Structures are given as structure tokens and as C-alpha cells.
Amino acid sequence: MSQYSPLINVMIAAAQKAGRNLIRDFGEVEQLQVSRKGPGDFVTKADKKAEKIIFEELRKARPSYGFLMEENGSIPGNDTSNTWIVDPLDGTTNFLHGIPQFAVSIGLERDGDLFAGVIYEPITDQTYWAENGKGAYQNNRRLRVSARRDMSESLFSTGIPFIGQPAERHAQSQKEIGAVMDKCCGIRRFGAASLDLAWVAAGRYEGFWETGLQPWDMAAGIVMIREAGGFVSDSSGKRNMMKSGSIVAGNDSLHATLLSILQKSAK
Ligand code: IPD
Ligand code: CA
Ligand code: CA
């Protein structure tokens, strides 16, 4: 049985409070699918409301910490060692289309390193969390990356670029998917990077890769995979994920294989 630290308690409380709001709004979005106006504006409001809830909860609990948030950007705190990194609604396109695959993601950066993460999936009420040196968990169950070593038995997840992203990224993504697809038993694109990472930590996927991400998409998930015994790098094999926006994550044996396949596909 896991013991939540005060820090994790604070993070989980904030994520779940925002998540309860998102569930209410998701019910409304499902109705709006068939309206002519569509749910766009409503979802933007839901997203901002969730971020406000998280901001208020975290600020109340740790008044001096800074913030990096998707909607409101950077809000420095008096304590420059600690920064919350917040995605109030990861999987917005799913949410907008009434697809119940979305999450709240809260990471904590401490002294320049990612220190703790919580990813909360409101629809299934599942809480993924990890803290430096304490392990990764789904609710109270300890998480470990999968033990599969054989590419042919392995399942991967990725993010596919969409409208508005650079043409080179679209072309490269097609090459990468082409290179991975004939070596593995499947590739999934579920549309919420935080959950993709949590699912690598949970051993469901052997690996995940994507480029063009933002720090709030991956902060919590990176801690989770490390604490579950997996490996995370950027697309050049370095640890510069947060700045480069690229991430390659995998279990301890297939991270290197996946990275090498992706790098070869770029040549
Ligand atoms: C997006 C999701 C998606 C990924 C995109 C992200 P958002 O975040 O994580 O899976 O492919 O690159 O922007 O916009 O839903 O918070
Ligand atoms: Ca996101
Ligand atoms: Ca978001």
C-alpha cells in the first residue's frame, strides 16, 4: 500500500477537483456535438476553468511556488526552486469530440529537475502519480514498465501531427510510423500525451514517441516513467525533452531499439 506524501496529496487534490469539473463539462460537450455552433467555445471555457481551479488549489497549499501553465503561461513564485507545470486538459481534441480519453497533468520541477507528477483521468477516476525516489503508482498499485524485450510483441504509441504544424514534421512522422509499424505488433494514437506516458509507466505500451510537445504535456509523465523503471530521452538520445519538445520513452530494453529505429528513419 502506498503512502501519499503531503506533496502528492496536494497535487492529487488539485487534479481531482479540476477533473470533477471537467466531467460535468464533458457531459455538456456530448450534447453540443449535434448543435450547429458546436462545442468549441464551451471547451475553451472548460479548459480555462480547470486551470483556474488547479492554480487556486496549488497556490493555497504552496503559496511561494511558481507556475508554468498551458493557458496562463509562466507565473514566477518567490521560491524559485519549485515550479508547477500544469496541463489542465490534455486531450482537448478528444474532449471536443466527445471522446472520453483526456487527463489533467500536474508536474513539479524542483531545482531544475522533474521531481513529482500526477496524471488524473477523470472518466475512469484513475490517478497516476510518481515522486522522485518513491516509485510510480496507479492509485495504490505500484507501476513498472513492461518486461517485453521483443519488438515483434511490442505495442507503441505516438502522436501524429495535425493541421498547423510544420510540413517537415508531417513528413518525418510518416517516415517514423512507416519504420516502426513493420517491426512491432501495433501503433496507437489515442490523443493525450500525458496518458500515453502513464501507460508506458503502467506497462501497457512498450514505448511512446512524439515531437512538437510542450513541457506541460510531458512533465508529469517523465517522472512516472523514470520511477517505473523506464527510460526517457529526446529524439537525439539526450535528456533535453522539455526544451526540444521531442520525447522517446520506453521500457528498459526497448527504449534504445525504438530510438535507433526513429533516428535511422530520419536519415
Ligand atoms: C495535445 C495532446 C496530444 C498531442 C498534442 C498535444 P492538448 O495536448 O497531448 O496527444 O499529440 O501534441 O498538444 O492540446 O490536448 O492539451
Ligand atoms: Ca497537452
Ligand atoms: Ca491542454
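Student: Where does ligand 1 sit?
Tutor: In this predicted model, ligand 1 occupies the largest pocket.

Student: Which residues come nearest to ligand 1?
Tutor: There are 13 residues around the ligand, and those that come nearest are Asp90, Gly91, Thr92, Arg189 and Glu210.

Student: What is the make-up of that shell by class?
Tutor: The shell around ligand 1 contains six charged, four nonpolar and three polar residues.

Student: Turning to contacts, which atom of Glu210 lies 2.5 Å from an oxygen atom of ligand 1?
Tutor: That atom is a polar side-chain atom of Glu210.

Student: And what do Gly191 and Ala193 contribute?
Tutor: Each offers a backbone N or O atom: for Gly191 the distance to an oxygen atom of ligand 1 is 3.2 Å, and for Ala193 the distance to an oxygen atom of the ligand is 2.9 Å.

Student: How much of ligand 1 does the protein bury?
Tutor: The ligand taken alone exposes 380 Å², of which the protein buries 86%.

Student: Which strand gives the most to the shell?
Tutor: Strand E3, residues 79-90, gives the most, with three residues.

Student: Which domains supply the shell?
Tutor: Domain 1 (6-142) and domain 2 (151-265) each supply at least three residues.

Terms used: Residues are numbered from 1 along each chain as its sequence is written. Chains are lettered from A and ligands numbered from 1 in the order in which they are written. This is a predicted model: local features need pLDDT of at least 70, side-chain atom pairs count only at pLDDT 80 or more; totals for chains, interfaces and linings use all residues. Side-chain values use heavy atoms; hydrogens and water are left out. A residue is near a molecule or strand if one of its heavy atoms lies within 4 Å of it. A polar contact is a pair of N or O atoms within 3.5 Å; within protein, one must be able to donate a hydrogen and the other to accept it, and residues adjacent in sequence count only if both atoms are side-chain atoms. Accessible areas come from the Shrake-Rupley method with a 1.4 Å probe; for residues, only the protein chains shown count as cover. On a 1 Å grid over the protein atoms alone, a cavity is a set of points where a 1.4 Å probe fits but cannot get out, and a pocket is an open set with protein on both sides within 12 Å along at least five of seven lines; lining residues have an atom within 4 Å of a point. A molecule sits in a cavity or pocket if more than half of its atoms lie within 2 Å of its grid points. Helices (H or I, at least four residues) and strands (E, at least two) are DSSP runs, numbered from the N terminus. Ala, Val, Leu, Ile, Met, Phe, Trp, Tyr, Cys and Pro count as nonpolar, Asp, Glu, Lys and Arg as charged, and the others, Gly among them, as polar. Domain bounds come from an automatic or database domain assignment.
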